[in-house]
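Here's a quick walk through one structure, taking in its rings, its charges and its empty space. Have a look at it first, then read on.

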Amino acid sequence: MPNTKSPPKKPAAAKSNTAAKQKLEQQKRAALQEKRRRNFSVVLFVCALLWLFLSIFEGQTVWKTAHDIILKSFGLCSLIWGFMLLLLSIVVALDKSLSRYSMRIAGAACFTLLCGAAIHIFSNDASYLAGEGILEQATGAWNAQANLTTGGMFGALLGAALGKLGKTEAGILIVLILLAILMLLTGTTHIIWLRFLAARLKNARTNLNERAE
């Protein structure tokens, strides 16, 4: 007859040692991930501050070159990018799940680019937006003096493309898109905004009536 005996069971001490080793390995991995997360948040924080300082202060030599490249690329929106990096460093430092914030980070990036496009649309004439090519407008934005009053080259690219619809049409469209993204980012709805506007109008009407009396 074949041998039907079951294999000998491992002693309880062996099982305990295996569980202890697995727990120790998990603790080591968790500690390593914590160290990497902490280091990454510090690097992000320093990069965000450096980006903001490069955007604001002109400086000299290599610093001035970096300053000009950032402003020529993004203009006023370079400040928004810096604050976005600061926010991301805080999220990482607090050990928040980035997957929950990925859509908001992507939405904030789109909002920033659209702000640059809006600056380009509203700061240029309708004839310029309709007559000049997209690449020509982007080149003109790059060749302009580096400052915080433009939307930068990337804003010019997007703004020039939308500007082909017409300045008024592009302005209406981009404002509506910005409002939609802003409501998605803040978790609000149009009802909340309408109530806010109604309350402000009511206060303004009350103030006018008091002054008239």
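Which residues do ring pairs link into a cluster? They are Trp-51, Phe-74, Trp-81 and Phe-154. Bear in mind that this is a predicted model.

**Rings**

In total there are 4 aromatic pairs. One of them joins Phe-74 and Phe-154, whose rings sit 5.2 Å apart, centre to centre, with 20° between the planes. That pair counts as stacked because the angle is under 30 degrees. It also ties together distant parts of the chain: Phe-74 belongs to helix α2 (residues 61-74) and Phe-154 to helix α7 (residues 152-163), with the two positions 80 residues apart in the numbering. The partners differ in how much of them is covered. Phe-74 is buried, with a relative accessibility of 17%, whereas Phe-154 comes out at 37% and is partly exposed.

**Charges**

Helix α2 turns up again here. The model has 2 salt bridges, and Lys-64 takes part in one with Glu-58 and in another with Asp-68. Here they are side by side:

| Salt bridge | N to O distance |
|---|---|
| Lys-64 and Glu-58 | 3.6 Å |
| Lys-64 and Asp-68 | 3.0 Å |

Why are Asp-68 and Lys-64 separated by about one helical turn? Because they are 4 residues apart in helix α2. Shared partners then join Glu-58, Lys-64 and Asp-68 into one network.

How covered are the members of that network? Asp-68 has 18% relative accessibility, so it falls under the 20% cut-off and is buried. Lys-64, at 29%, is partly exposed, and so is Glu-58, with a relative accessible area of 44%.

**Empty space**

Now for the gaps. Rolling a probe the size of a water molecule over the atoms shows where empty space is left. How many cavities of 30 Å³ or more does a search of the whole structure find? The search turns up 1, and the largest cavity holds about 40 Å³ of space.

Helices α2 and α7, the ones bridged by the stacked Phe pair, each give at least two residues to the lining of the largest cavity. Among the lining residues are Leu-71, Lys-72, Gly-152 and Met-153. Others include Ala-141, Ala-144, Gln-145 and Thr-150. Sorted by class, the lining has 5 nonpolar, 4 polar and 1 charged residues. The charged one is Lys-72, because Lys counts as charged.

Note on methods:
Residues numbered from 1 in each chain as written. Predicted model: local features only at pLDDT ≥ 70, side-chain atom pairs only at ≥ 80, totals over all residues. Heavy atoms only, no water. Phe/Tyr/Trp six-rings, centres within 6.5 Å; stacked < 30°, edge-to-face > 60°. Buried < 20%, exposed > 50% of the residue type's maximum accessible area, 1.4 Å probe, protein only. 1 Å grid on protein atoms, 1.4 Å probe; cavity = no way out; pocket = protein on both sides within 12 Å on 5 of 7 lines; lining within 4 Å. Points joined across faces, edges and corners; volume = space filled by probe spheres on them. Salt bridge = Lys/Arg side-chain N within 4 Å of Asp/Glu carboxyl O.
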